[in-house]
Amino acid sequence: MAQEKLTSKSVMKYRFGVLRRLKESDKTPIKILLLAAIIGAAVGLIGSLFMLGTTWISNYRTQSVGDLVIDKWLIIPTMFAVSAILAMIGYYLVKRFSPESGGSGIPEIEGALQDLRPVRWWRVIPVKFFGGLGTLGSGMVLGREGPTVQLGANISQMFYDIFRLKDNESRHTLLAAGAAAGLSTAFNAPLAGILFIIEEMRPQFKYSLISIKAVFIGAVTATIVFRLINGEAALLNIGQFSSAPMNTLWLYLVLGLLFGIVGICFNRFLLFLQDKFLAFYQNKISRFVLMGGLIGGAFGAIGVYTPEIVGGGYSVIHQMVAGQFTITLIFLFFALRFLTSTISFSSGAPGGIFSPLLALGTLFGGVFGYAVLELFPHYQIEVGTFAIAGMGALFAATVRAPLTGIVLVLEMTNNYQLILPMIITCIGATMMAQFLGGRPLYSVILEKTLERSAKEESAAKATIPPSA
């Protein structure tokens with residue numbers, strides 16, 4: 001009896017000890033992980049609404065103009081006017097209320113993770129959302145993926161402020177989780193969202209057990225919400241391809257090396273155009289908005305008869321893989337989309353470059369595939385495999401995140417059997433780009449942004465008269 005009493009007291013003492021330790025323990029990690037889940041769900045919802053909104057506006061613009069305008073000669077000027085108005089709304093919102101919302105927004109998040117750029121969520125979220133609806137809905141060659149990443153990180157900062165958290169480490173963790181949730185939502189690719197933070201943002205991401213768990217949770221919850229709204233199908237349903245034969249793997253290395261050159265050219269031309277646009281704007285809102293209207297209107301009008309060279313690019317990927325273009329037409333579309341995508345992005349519009357890069361990579365990979373088919377007819381070659389490999393290769397060459405590019409394309413297309421040629425192509429592209437002295441696109445853009453900010457601050461201080 002005494003022994004039973006002693007055992008009962010020991011059990012009670014143990015239980016009270018566990019409760020006491022639980023009460024006295026630091027609840028911050030649990031709070032951060034719960035917040036990451038809430039943030040992921042919010043980003044999944046907002047990102048889904050952003051995708052549905054841009055699709056609806058773009059479709060409504062093309063259908064309404066076609067239905068309302070009877071005279072075919074008036075379709076082009078009408079489409080120009082409607083697209084110009086939509087684009088000008090986006091450009092005006094950016095220049096007037098939130099300059100940091102221009103472009104993809106990913107360099108801004110990388111800067112925020114280094115405490116070099118502020119995160120003003122109260123103005124970025126509405127401007128990026130509605131400004132993006134305008135520019136992407138106008139038919140400009142932009143993607144919604146970069147903006148969704150910026151929206152995700154800003155939603156994280158919003159929750160950080162609402163819950164009045166104080167430590168900077170928690171802020172960094174939540175920013176990374178929100179960014180991962182944004183990319184996961186944009187591509188319906190949770191693993192790519194996680195890898196993007198670990199690989200592309202590795203200089204800024206503060207790795208710890210809590211931070212990596214938060215990134216995982218944010219990406220997973222965002223993807224769950226996205227799939228509840230939009231379904232579970234892969235974002236690019238382009239069919240299944242057979243595995244690449246072993247005797248053709250060397251061709252994927254050649255393709256990757258070529259993509260390294262293309263990626264260098266793309267980055268340098270884009271940055272060149274960006275400098276030219278900034279020199280023309282002279283920080284004047286009227287020039288910025290009117291140029292946006294001109295670009296948006298022109299691309300909207302072009303899309304009436306040649307939709308393959310404008311827009312985000314998912315439709316042209318489907319057409320290319322389905323074999324609807326000749327090799328001459330594919331090369332022409334590649335050259336034209338190279339121009340339209342660099343113009344759209346470098347002009348400062350609120351929009352990203354991810355999906356235009358995927359479309360460009362698909363087209364160039366298709367050109368290479370058809371050329372190889374002519375040169376080596378005895379090989380068992382499917383042109384689509386080179387097109388899929390090209391999607392990730394151009395991403396790897398420009399953004400310099402090969403692992404993210406590989407997993408992203410495999411998740412988007414559901415062609416996991418092509419992992420070996422994908423790895424070979426992306427590594428070849430990255431090695432060639434590095435050998436030629438290229439640098440990651442977002443890192444260069446962030447550096448230029450910081451330089452401009454420093455110059456503006458110096459100029460502002462110079463205009464302030466010295467105190468008496």
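The paragraphs below lead through selected helices, aromatic ring pairs, and the internal and open spaces of this model.

The model is a predicted one, in which local features need pLDDT of at least 70 and side-chain atom pairs count only at pLDDT 80 or more, while totals for chains, interfaces and linings use all residues. Residues are numbered from 1 along each chain as its sequence is written, and side-chain values use heavy atoms, with hydrogens and water left out.

A convenient place to begin is with the helices, which are taken here, like strands, from DSSP runs numbered from the N terminus (H or I over at least four residues for a helix, E over at least two for a strand). Helix α3 covers residues 75–97, and its 23 residues should span 33 Å at 1.5 Å a residue, which agrees with the 33 Å between its end C-alpha atoms; the expected span is 1.5 Å times one less than the number of residues. Residues of α3 that are buried (under 20% relative accessible area, with exposed meaning over 50% and partly exposed in between, for a 1.4 Å probe and protein chains only) include Ile75, Met79, Ser83, Leu86, Gly90 and Val94. An α-helix has 3.6 residues a turn, so residues three or four places apart point the same way.

Helix α7 (residues 168–187) has 20 residues with an expected span of 28 Å, and the 29 Å between its end C-alpha atoms agrees with this. This helix is mostly covered, with 18 of its 20 residues buried, and just after α7 comes Asn188, which takes a positive phi of about 55°.

The end of α7 leads into the aromatic pairs, of which the whole structure holds 25. Rings of Phe, Tyr and Trp (its six-membered ring) pair if their centres lie within 6.5 Å, and planes under 30 degrees apart count as stacked, over 60 as edge-to-face and the rest as tilted. Phe187 and Phe354 form a stacked pair, at 5.8 Å centre to centre and with 20° between the planes. Because Phe187 lies in helix α7 and Phe354 in helix α14 (residues 354–375), this pair ties together parts that are 167 residues apart in sequence. Phe187 counts as buried at 1% relative accessibility, and Phe354 counts as buried at 1% as well. Phe354 also pairs with Phe395, and since the ring centres are 5.1 Å apart and the planes stand at 75°, this pair is edge-to-face. It links distant parts of the chain, Phe354 in α14 and Phe395 in helix α15 (residues 383–399), which are 41 residues apart; both Phe354 and Phe395 are buried. Elsewhere, ring pairs link Phe259, Phe266, Phe269, Phe272, Phe334, Phe338 and Phe364 into a cluster.

Leu251 belongs to helix α10 and counts as buried at 2% relative accessibility. Leaving aside residues up to four places away in sequence, Leu251 touches Phe368, Val372, Phe376, Tyr379, Ile381 and Phe386, where contact means heavy atoms within 4.5 Å. Of these partners, Val372 is 121 residues from Leu251 in sequence, yet their C-alpha atoms are 8.2 Å apart in space.

The remaining topic is empty space, examined on a 1 Å grid over the protein atoms alone: a cavity is a set of points where a 1.4 Å probe fits but cannot get out, a pocket is an open set with protein on both sides within 12 Å along at least five of seven lines, and lining residues have an atom within 4 Å of a point. The largest pocket holds about 1,100 Å³ of space, a volume being the space filled by probe spheres set on grid points that are joined across faces, edges and corners. Its lining has 35 residues, with Pro99, Leu278, Thr449, Arg452 and Glu456 nearest the centre, and α18 (441–463) gives the most, with 10 residues. This lining divides into 10 nonpolar, 12 polar and 13 charged residues, where Ala, Val, Leu, Ile, Met, Phe, Trp, Tyr, Cys and Pro count as nonpolar, Asp, Glu, Lys and Arg as charged, and the others, Gly among them, as polar.

The second largest pocket has a volume of about 880 Å³. Of the 35 residues that line this pocket, Ser58, Asn59, Gly311, Gly312 and Ser315 are the closest to its centre. Its lining consists of 16 nonpolar, 16 polar and 3 charged residues, and α2 gives the most, with 10 residues.
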